[in-house]
Amino acid sequence: MTTIFTWKRAAGLPRNLRVGFRGASCQRYIGLCLALALASGALHAAVAPQEAETLKTTLTPLGGEKAGNKDGSIPAWSGGLTTPSPGFVNGGRRPDPFADEKPLLSVSVKNVTDYAAKVPEGVQVLMKRYPDFRIDVYPTHRTAAAPQYVYDNTFSNATRAKLVDGSAGPMPQGAYGGIPFPIPQTGAEVMWNVLLRWRGYAYYTDFNGYQLTPEGKRILVEEAHNDNQMPYYDPNGSLEKFAGEHWLVRSLTTAPAIRAGEAITGRSNIDESKTQDWVYLTGQRRVRKLPNACCDTPTPFSAGIVTFDEVEGFIGRLDRFDWKLVGKQEMFIPYNSNRTLTPT
């Protein structure tokens, strides 16, 4: 199960909605919706042992609904994709495991009203502004999978983790190595599931970022090499040894020429007030600590074009917003966007 949310600034001013599709295939899914509401500030306890047992029956090990939907367009989860696709070479690009599939339908400005309940509002605006823009909807495959130790830790978190008030908003206590709240009771718990989602223990990525002009011109803004490590998911760690830093990242910029040599590094903490980030700008020839590397602050990673929370969908302090669960909704999302990872 994937979580979607809407938010507004805590002061009540609406936040600009930015939605991007880069030719990705879209699929149906069931999601939890979050909307603006008043935060309670109270402590939230873990679930009872008998409720945690549903992670071994009706729920997936990470807390999603194991069953499919009524019309069969969303299949049941059967363990996810756990074997390499044919042609995979270690260290190379992952082949598209569904390369031969064709779209079930396409949604464009011509028929978007027929699918309005399943298309995000931002995408509908894009279609009206750019009539050639469309999304192709492919068969749904529930490929999500994680190592067994992540499943085991998630099961333990269900009965031991709770949400407590921290200096930068609500934060989890008693969680390690898995989804902190696989059976969430509050919107803030869902957001911590997003922040502490399973992405692997460590990985390396090459990144190219472009600024697209209204005329269709593509301008290179960032070419970077990124190292990521998730101490929260250390397979040899434990709750007792975990010190709070859950995401370490280092990015080295190599292009365009005017930005070559810049660097940024960050150490995200469960207690967001302890998160620390630094940036090196070649023009200043100094390493400087960033005062507020979160939320709506423009990030040096993109030369200030995007904000920190646009990089991951949402990162940073939870006290900047108020969260509340409001229900579930099926929508089209770029889930198995395999073709964007296997360019011709």
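Q: What stands opposite G209, and what makes β7 and β8 paired strands?
A: G209 stands opposite E222 in β8, and 11 bridges join β7 (residues 202–212) to β8 (residues 218–229); two strands pair if DSSP finds at least two bridges between them, so these two, which run antiparallel, are called paired. Strands here are DSSP runs of E with at least two residues, and helices are runs of H or I with at least four, numbered from the N terminus. This is a predicted model, in which local features need pLDDT of at least 70, side-chain atom pairs count only at pLDDT 80 or more, and totals for chains, interfaces and linings use all residues. Residues are numbered from 1 along each chain as its sequence is written, and side-chain values use heavy atoms, with hydrogens and water left out.

Q: What lies between β7 and β8?
A: The two strands form a hairpin with five residues between them, and G216 in the turn has a positive phi of about 95 degrees.

Q: Why are β7 and β12 said to stand at the edges?
A: In the open sheet, six strands follow the order β7-β8-β9-β10-β11-β12 with antiparallel pairing; β7 and β12 (286–289) each have a single partner strand, so one side of each is left without a neighbour in the sheet.

Q: How do you know that β10 and β11 are paired?
A: Five bridges join β10 (residues 263–269) to β11 (residues 276–281), and the strands run antiparallel; A263 stands opposite Y280 in β11.

Q: Why is helix α4 called largely enclosed?
A: Buried means under 20% relative accessible area, against over 50% for exposed and in between for partly exposed, with a 1.4 Å probe and protein chains only. Nine of the nine residues of α4 (residues 187–195) are buried, so the helix is largely enclosed by the rest of the structure; among them are W192 and L195.
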